[in-house]
Amino acid sequence: MGIDLQPIGEIDSDVLTGISAGLVSAFGNPVRIKPAIGVPESSYVPDRNQYLADLILTVLKTHQKADRRLLGVADINIYSQGLNFVFGQADYHNRIGVISLTLLKQENYGLPGDLALLIERAQKEAVHELGHTFGLGHCQDGTCVMHFSNSLIDTDVKKVYFCRRCQPKLVL
Ligand SMILES: [Zn+2]
Ligand SMILES: [Zn+2]
């Protein structure tokens, strides 16, 4: 089953290409980069000035082609119920995921931008969310890509690869 990468709003093409390469290497499936869609305003929650990830997934589903996984890439502040923020979220049943670059960018922490680091972080979160759509849960191994990132430090510590316990569970 191929993977479609869906830019949500304006996303740097180098970042999309980098994510695509990371996905090909993790899953071996062909990846297509689709034309961008607008940021779904139906997912915006004014009280929090954030976007609810579940509602983005609902919109993404309407853009999903049959028999293809879909990963949205946004650059907006997203959250899930019960969490202040998330780097991404997945819907295993529908094989859809979304990640956001906003909290992965050095410049949003008052630091100089770093494209290579942004791409590496985005690859990890992209492989993580799509890993869920392949049936993988969270892994206790802090270096495994399926480890839950509670903070950017977690993302930087984990690798872009599945650990030896998770890799065999991947049903490709
Ligand atoms: Zn997860
Ligand atoms: Zn693992």
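**Close-up 1. The start and end of helix α1.** At the start of α1, which backbone nitrogen does a side-chain oxygen of D12 reach? In this predicted model, that oxygen comes to within 2.7 Å of the backbone nitrogen of D14. Helix α1 covers residues 13-27, which makes 15 residues. From its first C-alpha to its last it reaches 21 Å, close to the 21 Å expected at 1.5 Å a residue. After the helix comes G28, and its phi is positive, near 70 degrees.

**Close-up 2. The buried residues of helix α1 and their neighbours.** Look along the helix for V15, L16, G18, I19, S20, G22, L23, A26 and F27: these are the buried residues of α1. What do they pack against? Their partners include four strands, β1 (3-7), β2 (31-33), β5 (69-74) and β8 (96-100), together with the helix α3 (115-133). As you trace the buried positions, keep a general point in mind: an α-helix has 3.6 residues a turn, so residues three or four places apart point the same way.

**Close-up 3. Helix α3, largely enclosed.** How many of the 19 residues of α3 are buried? The count is 16, so this helix is largely enclosed by the rest of the structure. End to end, α3 reaches 27 Å between its first and last C-alpha, close to the 27 Å expected at 1.5 Å a residue. At its start you can find a side-chain oxygen of D114 within 3.3 Å of the backbone nitrogen of A116. At the other end, α3 is followed by G135, which has a positive phi, near 95 degrees.

**Close-up 4. Aromatic rings that meet.** The model has four aromatic pairs. One of them joins F27 and F134: the ring centres are 4.6 Å apart and the planes lie at 10 degrees, so this pair is stacked. F27 sits in helix α1 and F134 in the loop between α3 and α4 (152-157), so the pair ties together parts that are 107 residues apart in sequence. F27 is buried, with a relative accessible area of 3%, and F134 is buried too, at 7%. For an edge-to-face pair, turn to F85 and F87, with 5.4 Å centre to centre and 75 degrees between the planes. Here F85 is partly exposed, with a relative accessible area of 30%, while F87 counts as buried at 3%. Back at the stacked rings, F162 joins in: F27, F134 and F162 form one aromatic cluster.

**Close-up 5. N29, in the loop after helix α1.** Is N29 buried or exposed? With a relative accessible area of 11%, N29 is buried. You will find this residue in the loop between α1 and β2. A polar atom of the N29 side chain lies 2.4 Å from the backbone oxygen of M1. Leaving aside neighbours within four places in sequence, N29 is in contact with M1, G2, I3, V24 and F134.

**Close-up 6. The zinc ion (ligand 2) and its cysteines.** Which residues are the protein donors of this zinc ion? They are C139, C144, C163 and C166, and each one offers its SG atom. The donors lie 2.3 to 2.4 Å from the zinc ion. Along the chain, their spacing reads C-x4-C-x18-C-x2-C. The angles among the four donor atoms are 107 to 111 degrees, and the site is tetrahedral. For comparison, ideal angles at a metal are 109.5 degrees for four tetrahedral donors. Both C163 and C166 are buried.

Terms used
Residues numbered from 1 in each chain as written. Chains lettered and ligands numbered in written order. Predicted model: local features only at pLDDT ≥ 70, side-chain atom pairs only at ≥ 80, totals over all residues. Heavy atoms only, no water. Helix = DSSP H or I, 4+ residues; strand = E, 2+ residues; numbered from the N terminus. Expected span 1.5 Å × (residues − 1). Buried < 20%, exposed > 50% of the residue type's maximum accessible area, 1.4 Å probe, protein only. Contact = heavy atoms within 4.5 Å. Polar contact = N/O pair within 3.5 Å; in protein donor to acceptor, adjacent residues only side chain to side chain. Donors = N, O, S within 2.8 Å, 3.2 Å for Na, K, Ca; no water. Tetrahedral: all angles 85-135°; square planar, octahedral: opposite > 155°, others 65-115°. Phe/Tyr/Trp six-rings, centres within 6.5 Å; stacked < 30°, edge-to-face > 60°.
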